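Here is a report on how two protein chains meet. Look at the structure first, then read on.

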Amino acid sequence: MTLTAGLEVHQQLDCGKLFCSCPAADGSPDPGFSRRLHATASEMGQVDAAAAAENVRDFGYHQGDGNCLVEADEEPPRGPNPEAVEVALQVAGLLGAQPLEEIHFMRKVVVDGSNTTGFQRTALVATGGRLDYDGGSVDIEQLCLEEDSCRRGEGEDEFLLDRLGVPLLEISTAPQLHSPEAVQAAARTMGLLLRACRVRRGLGTIRQDLNVSIPQGVRVELKGFQDLGTMPQVVEREMERQAILATVEACEPGPAIEITALLKKSREAWGCRLPGWASLLGSPESPADHPRLGRELADHARRAGVAGLLQSDELPAHGVSAEEAAVIATELDCRKVDAFILVFEKKTLAKAALARACNRARQGGVPHEVRRVLAEGGSRYLRPMPGAARMYPETDISPLRLAGNAVELPPTLAERIAVLPLGAQQAGQLVRARLDARFHALVAAGGPPKTVARLLLHQLPELRKARLPAPSEAVLGELLAAVADGKLAKEGVEDALAALARGEALPEQAASGAGELDAFIEQLLAERKDFVQQRGMEAVGPLMGTVMGEFRGRVDGALVSERLRVKLGEFLG
Amino acid sequence: MPTSAEQFLKAHDARLHDHVRISAGGRSHEGRVMPAHRFSGDHIVVLKLANGYNIGVSCEGAELELLERAPAAPEATAADAPLPSDLPPLTVLGTGGTIASYVDYQTGAVHPAKSAEEIVAAVTSLAEIANIHAEALLSLASEDLRPDDWSAIAKRVSELHAEDGTGVVIGHGTDTMAYTAAALAFQLPALRAPVVLTGSQRSSDRPSSDAHLNLAGAARAALTDLGEVAIAMHASSSDDIVAIWRGTRARKAHSSRRDAFTAPNGGRLGSVGDAVNFDAEYRPVANETRLEAGFDPDVALVWSHPALTAGDWEAATAGKRGVVVAGTGLGHIGSHLHAAVRATARDAVVAMTTQCLGGSTNLNVYRNGRELGEAEVVEAGDTLPETALVKLMWLLKHRPDSVAAGMGENLVGELGSRRFLD
């Protein structure tokens with residue numbers, strides 16, 4: 001089965017928000033305000049399918065420190081944030097994408113509540129370019145700078161404003177990825193490349209969407225991958241799903257008919273015939289390779305605001321008996337090969353829900369749609385594939401000239417790793433933790449590279465973990481200089497940090513270390529005379545432990561070993 | 001003078017919305033030609049790409065290939081006449097403003113362009129409230145409205161009331177909505193049916209536009225027996241409740257929030273959720289609408305401040321028939337200006353208001369104030385400075401013999417005798 005996939009990577013930038021002066025701080029669940037959003041036409045006069053599919057309803061928004069009136073859609077945006085534009089241009093440069101002469105922010109209509117405005121501001125910044133990944137390469141189609149949407153709150157249709165407006169780079173590759181592994185490798189490489197720039201780190205700061213199709217299917221957008229590890233599995237599941245559904249023919253559903261009178265329980269119900277769809281709807285007991293179109297239809301019906309629908313493949317169940325199902329089938333004019341769906345609601349809502357489900361049935365097996373990835377690797381219908389009609393100009397922001405706006409490209413992670421005077425593993429750890437700039441500064445201040453690396457990667461994090469205060473950069477410099485000058489053993493750094501955390505001065509024991517060491521060794525050799533004479537030069541090992549026990553942290557182990565050998569040699573004559 | 005981008009398009013016979021390919025330096029972009037943006041570079045052609053994005057492409061050294069002519073614009077079809085229903089009739093009068101705004105390609109910003117019919121068609125909930133007759137009277141941003149426009153609106157309202165006696169909702173820009181509301185209140189001292197102004201702080205081409213709730217709230221308020229000119233706008237940031245403000249008492253107190261309007265000295269008449277709820281006394285509708293249209297706009301408004309000089313005062317007030325002072329505190333202006341104020345008050349009516357965000361004037365408390373009182377400065381009490389300005393213009397036109405006395409009287413709810421703790 002041939003896969004054709006294109007990757008869309010969304011990466012948050014680490015430079016404040018795109019259209020206001022807010023920090024990208026975490027929000028609080030303080031109650032805020034409620035809004036209704038209405039689908040509007042683009043400047044070309046069309047209403048987007050995805051926008052039209054959303055019901056007008058109340059959305060709740062919670063606000064906190066990470067938002068101001070701009071996110072509340074109570075003040076016009078400013079900007080765009082020049083730092084975000086710079087990072088976008090850097091990423092474009094790293095990918096070999098060419099910036100446009102002039103960018104125009106657009107309003108991408110999204111009325112699912114995730115944006116208080118009802119649109120997402122986005123600008124196409126650069127086109128072209130290429131990403132080389134382990135095992136292949138893929139063309140870059142476009143790079144957009146946009147504002148991130150709201151985080152979802154606890155309730156349905158509830159949102160937090162903190163993430164709204166965080167600058168987001170959207171990078172789309174051409175549909176040139178042909179295996180689940182290639183998709184994963186490209187996503188991974190893109191992630192590493194982005195980390196060369198000022199990007200946010202942590203959970204949810206980078207998100208991948210995937211456009212997937214197989215020869216028999218159509219392009220489907222998968223959103224919300226939990227992690228890169230599951231990507232190949234999700235892609236395989238989607239390929240299987242499209243292959244199973246590809247053979248399903250569209251049907252022209254019958255009219256919505258009220259069937260309330262046919263049910264023993266008195267509740268209003270409406271139904272529709274689906275010609276030729278008998279046994280295609282399935283149930284939770286259906287085998288894995290079943291189309292399960294019932295679930296798809298229910299997902300569509302729910303968009304109208306109903307809890308779900310009942311369908312002929314799962315009957316008798318949910319209070320509808322086999323006899324009732326047979327009567328309903330007759331009433332709806334069903335033949336043996338036909339299926340039917342039922343909605344238990346009042347007329348207006350029931351008809352709206354049935355209309356949505358029927359619209360899905362008319363699209364046959366694999367509609368052009370956006371699906372949400374599930375934790376178990378499958379996916380569910382999210383919305384129709386939005387099109388160009390959702391875009392119209394953002395009138396509050398003037399066009400921005402990019403021509404002549406040269407930016408300096410940051411070194412890539414690999415380049416930053418290569419310049420570190422350390423082993424590959426330690427160097428990689430430092431760069432990935434974004435500690436390399438600090439490393440360079442401390443080494444420049446005289447710190448021995450390995451000591452500095454250990455300090456940054458292990459000792460300071462340990463201090464943090466123990467909730468002890470970290471010394472200032474100047475004090476760290478002094479401490480490292482003491483190590484470099486031999487005044488403090490590298491083994492003593494930990495104790496010194498602890499002493500500093502306790503508010504004590506930097507220990508100055510090492511100054512007298514050398515003389516004290518020789519004296520201690522001489523006394524030890526005298527005390528252990530018999531043992532030393534018996535073992536000769538081999539006594540170094542066992543004695544080393546004793547000396548180190550006394551001088552650990554004060555005198556470098558290498559020096560102890562050297563002085564011990566010298567003194568032992570002298571002692572043995 | 002055409003821009004180089006315009007010349008480039010003309011030279012290649014490319015017109016608006018034509019599908020073209022522009023190539024330069026080994027790079028090409030395909031898209032539809034969009035109107036140039038005023039803030040774009042001179043040599044920038046704006047293209048709409050197939051994916052909906054607009055981009056700016058330089059025409060310098062570029063080649064243009066015409067791929068396809070723009071599709072013919074669909075012929076405008078007459079809007080369907082609203083279905084007759086049992087709902088009460090209502091007129092929506094358009095004057096422009098954000099509520100009627102759409103994208104302006106020349107500046108890229110929004111400007112008033114939508115007709116009243118289009119607004120009504122876009123706000124579907126209106127069709128559930130009333131049988132709407134929509135009419136575009138003006139198409140102006142509210143800061144461009146002049147006193148003559150206030151007269152034109154009052155006259156049209158009066159005509160509409162005379163015709164069928166139905167309520168009128170006026171779509172208006174929010175910047176000077178309170179001025180217009182006050183102007184209508186003085187010109188229409190008796191109303192046969194409600195007159196409710198409304199607008200929006202977010203243009204109606206945005207999914208989050210407040211126009212939906214505001215128009216619906218205004219329409220419901222216009223179906224009551226409210227006999228005073230009112231403003232109906234969001235009560236809070238949420239899309240749930242619309243507040244009804246007395247037209248002579250309202251002020252736009254925030255430059256961008258949905259709940260921009262307030263009434264510093266009281267004047268919230270009620271609110272509209274699913275139903276209209278009045279929580280203050282109001283004048284009910286009369287048997288007929290009375291019209292006293294027109295203003296004498298020869299009035300100055302002077303903001304008192306520590307650096308104000310006698311020269312400033314004279315420059316602002318010379319030759320004026322009336323002056324409204326937005327004084328400090330209880331209605332003060334620096335004592336070094338008293339001689340200049342006294343001189344002006346000999347030939348013109350000088351009315352004192354307070355620039356404080358709430359409260360009334362009282363010229364008896366401080367010596368500074370008493371001197372102003374002795375100088376024949378009349379107190380406008382808790383009348384808002386902008387309302388006092390409109391009132392003074394109206395009095396000069398319609399009550400020329402009793403202007404000073406009129407400024408101290410409550411005519412249409414603009415002046416209160418009592419103020420309360422919240």
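The contact draws 51 residues from chain A and 45 residues from chain B. Keep in mind that this is a predicted model. About 3,600 Å² is buried between chain A and chain B, and carbon and sulfur atoms give 51% of that area.

Polar links also join the chains. Between chain A and chain B there are 6 salt bridges. In one of them, the side chain of Asp73(A) meets that of Arg206(B) at 2.8 Å, N to O. A further count gives 23 residue pairs in polar contact, both at pLDDT 80 or more. On the side of chain A that touches chain B, S7(A) gives the most, with 6 residues. That side divides into 21 nonpolar, 14 polar and 16 charged residues.

The chains share a sheet, too. Its 7 strands run in the order S22(A)-S5(A)-S4(B)-S3(B)-S2(B)-S1(B)-S5(B), with antiparallel pairing, and the sheet is open. S22 (400-401) of chain A and S5 (63-68) of chain B stand at the edges with a single partner strand each, so one side of each has no neighbour in the sheet. Strands of a sheet pair through backbone hydrogen bonds.

Two of the pairings are set out here.

| Strand | Partner strand | Bridges |
|---|---|---|
| S5(A), residues 102-103 | S4(B), residues 54-58 | 2 bridges |
| S1(B), residues 19-24 | S2(B), residues 27-33 | 6 bridges |

Ile103(A) has Ile55(B) as its bridge partner in S4(B). Within chain B, Ile22(B) has His29(B) as its bridge partner in S2(B).

A helix joins the picture. H1 (residues 4-11) of chain B lies across S1, S2, S3 and S5 of chain B, at about 65° to S3(B).

Technical notes
Residues are numbered from 1 along each chain as its sequence is written. Chains are lettered from A and ligands numbered from 1 in the order in which they are written. This is a predicted model: local features need pLDDT of at least 70, side-chain atom pairs count only at pLDDT 80 or more; totals for chains, interfaces and linings use all residues. Side-chain values use heavy atoms; hydrogens and water are left out. Two strands pair if DSSP finds at least two bridges between them. Helices (H or I, at least four residues) and strands (E, at least two) are DSSP runs, numbered from the N terminus. Contact means heavy atoms within 4.5 Å. Axes are lines fitted to C-alpha atoms, for helices over the stretch in contact, and angles run from 0 to 180 degrees between N-to-C directions. Buried area is the accessible area (1.4 Å probe) that two parts lose on being put together, summed over both. A salt bridge is a side-chain nitrogen of Lys or Arg within 4 Å of a carboxyl oxygen of Asp or Glu. A polar contact is a pair of N or O atoms within 3.5 Å; within protein, one must be able to donate a hydrogen and the other to accept it, and residues adjacent in sequence count only if both atoms are side-chain atoms. Ala, Val, Leu, Ile, Met, Phe, Trp, Tyr, Cys and Pro count as nonpolar, Asp, Glu, Lys and Arg as charged, and the others, Gly among them, as polar.
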